[in-house]
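Welcome, and thanks for having your viewer ready. Let's walk through the model one selection at a time.

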Amino acid sequence: MCDFGELGTWLCAEGTWTGQYGLGNLLVEHLLLTVVALIVAALIAIPLGMFIGHTGRGSFVVIGLGSLSRAIPTMGLLFALVLLLGVQFRELSVVLALALIALPPLIAGAYSGVTTIAPGIRDSATAQGMTTWQLVRHVELPLASPSLIGGFRIAFIQVVSTVVLAPLVGLGGLGFGIIQGLALRNFAQVTVSAVIIIVITIAGEQLIGLGQRRAEARLVAPKGLEKP
Amino acid sequence: MKLTRITAIALSIGAVLGVAGCATASAPSTEPIVIGSQAYYSNEIIAETYAQVLEDAGYTVDRQFSLGQRDVYVPALEAGEIDLFPEYTGNLLQFFVPEATQTAADDVYAALAKSLPAGLTALAMSPATDQDSYNVTKEFASKNKLESIADLAKVDGLILGGAPELAERPYGPTGLLEKYGVTVSFQATGDTTVDSLVAGIVNMANVYSADPRIQQLGLVTLSDPKGLFLASNVVPIASDKVPADARKLIDAVSAAMSAQDLVALNVRSVDEKLSAAVIAREWLVSKGLLK
């Protein structure tokens, strides 16, 4: 395989796969930054989205955030955060910038998941004597889960493809291979890095999509209990 | 279509009148000289000095500034879409000949002149340089008694910061070890290199020698007695469309610009936030190249 032109030579070169800037480590860093940013965003977005959906208060926040997310230039936000917090906190800056772009789809997913629950279901839960917390925990959260996971799906795609900017402020991730490769005119490196990013984005999206379908399937009433 | 033709006619009439009204002996061509620049404020100031000197002599100039990186504009230069471009000898040589071994200014210039594609000429290079250099903080330099890169050999735990591509450059970690016996670990600090040096994330950093922050932050640039870095003097690259008289004017600008001048121009851009046109004009006047 090493004879396979420029690409093969690079794939077989020392340091391509191992070491701090090897593809293995860069892939781990890329996924780690993505996951941490999504967790941070979820911790804020899911309670907030469900609260807005449950109470119906502040739904303008959802609409506002949705349009805002398309207007924020992530790169500008990232550099602004690094300047603001200092370069020592660049990890925090990257995670915050990524979490901010993940917030709107997550909030929207949680919000629409809760608001689309048929009022009758909620009423019957209350009629059975459920407290608000029980209603949220045992009725709204499970019923909202497909929509919630759908929000994750969009957030994941946006975050995993934006982590590519991290090397601009001195962090790793697969964007390193693109930025270094362009400067060195090493197009094998650029191509391989880009292809890996595409593959993990599609694979992750499909995986979350599978989770979403599972969650939907669980909500279908068992045979014999369908609506007449 | 009709409108374009009218505009074209109007433009050529304007150009002819402009030429006629000009007192210089040479008859500059009516076709504008297209001047490009990198997306780098310092490069744009140099391009602006060329533009103003040519305009003053009656040439029509078309400014195509901020054209990004070499991958973008070198093909445009080769295709004849740009006629004049301020470049840097070492970095441009490395672009055409990645394995180039020359480091001294004259050798680099000679090698560059030979490796330029047909139709492009390197005009006389300027004494002004803007090249890679290794810098440390003042505290770090005095603590370890550092003056030259060679002094680093006795320091342990060196972390070098720079753009991601530095890892693979001949003057990067490999070159440091081979030429000076200096062992470093590498941190790709990207656009935050200088900040990372000041913050202590790295203890030596690759900064362009004309970067105003070297002065402002009191960084110590380590001397390079063994010629690890390629000399990178400012050099105008001209296409065959640039007439001989215009070349003489540009040569005068190159000769007048010293390394200190270039740093001073950059400082004005960063500190006083002046436009490239204003900085270029005032410098040209101070050198007697413009009235």
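Before the first stop, one working term: two residues are in contact if their C-beta atoms, placed from the backbone, lie within 7 Å. Please also keep in mind that this is a predicted model.

**Stop 1: the two domains of chain B**

Start by colouring chain B in two parts. Domain 1 takes in 31-129 + 233-286, while domain 2 covers 132-221. If you place a centre in each from the C-alpha atoms, domain 1 of chain B and domain 2 of chain B lie 27 Å apart. Now look at where they touch: seven residues of domain 1 of chain B are in contact with four residues of domain 2 of chain B. Select helix α11 (residues 259-271) of chain B, since this is a good handle on that contact. Helix α11 of chain B supplies five residues, the largest share of the side of domain 1 that touches domain 2. Sorted by class, that side of domain 1 of chain B holds four nonpolar, three polar and no charged residues.

**Stop 2: the sheet in chain B**

Next, show chain B as a cartoon and find its open sheet of five strands. Reading across, the order is β7-β6-β8-β5-β9 (chain B), and the pairing is mixed. Which strands stand at the edges? They are β7 (184-188) and β9 (220-221) of chain B; each has a single partner strand, so one side of each is left without a neighbour in the sheet.

Zoom in on β7(B) together with strand β6 (residues 158-162) of chain B. The two strands pair in the parallel sense over five bridges. To see the register, label L160(B), whose bridge partner in β7(B) is F186(B). Then label G162(B), which stands opposite A188(B) of β7(B).

Is β6(B) enclosed or open to the outside? Four of the five residues of β6(B) are buried, so this strand is largely enclosed by the rest of the structure. As for β7(B), four of its five residues are buried, and the strand is mostly covered.

Move over to strand β5 (residues 132-136) of chain B and strand β8 (residues 204-208) of chain B. Here the strands run antiparallel, joined by four bridges. One pair to pick out is S133(B) with V207(B), its bridge partner in β8(B).

**Stop 3: one residue, A255(B)**

Select A255(B), which is found in helix α10 (residues 244-256) of chain B. A residue with 20 or more other C-beta atoms within 10 Å is buried, and one with 12 or fewer is exposed. A255(B) has 15 C-beta neighbours inside 10 Å, so it counts as partly exposed. Add P127(B) to the selection: A255(B) and P127(B) are 128 residues apart in sequence, yet their C-alpha atoms are 6.8 Å apart in space.

**Stop 4: chain A as a whole**

Hide chain B for a moment and show chain A. You will find nine helices and zero strands. The C-alpha trace of chain A spans about 70 × 45 × 25 Å along its principal axes. Of the 228 residues in chain A, 35% are buried. Among contacts in chain A with a separation of 6 or more, 71% come from residues 24 or more positions apart.

**Stop 5: helix α4 of chain A**

Select helix α4 (residues 74-85) of chain A and view it from the side. At 1.5 Å a residue, its 12 residues should span 16 Å, and the end C-alpha atoms are indeed 16 Å apart.

Now show side chains for L78(A), L81(A) and V82(A), which are buried. Turn the view to look down the axis of α4(A): the buried residues fall within an arc of 100°, so they line one face of the helix. Bring in α5 (90-115) of chain A, and you have the element that these buried residues pack against. The face turned away from the buried side of α4(A) carries the exposed residues G76(A), L83(A) and L84(A). Just after the helix comes G86(A), with a positive phi near 95°.

**Stop 6: where the chains meet**

Finally, bring chain B back. Across the two chains, 16 residues of chain A are in contact with 16 residues of chain B. Select helix α8 (residues 175-184) of chain A: it contributes six residues, the largest share of the side of chain A that touches chain B. By class, that side of chain A has 11 nonpolar, four polar and one charged residues.

Notes:
Residues numbered from 1 in each chain as written. Chains lettered and ligands numbered in written order. Predicted model: local features only at pLDDT ≥ 70, side-chain atom pairs only at ≥ 80, totals over all residues. Domains from an automatic or database assignment. Nonpolar A, V, L, I, M, F, W, Y, C, P; charged D, E, K, R; others polar. Expected span 1.5 Å × (residues − 1). Arc of directions from axis to C-beta. Pairing = 2+ DSSP bridges.
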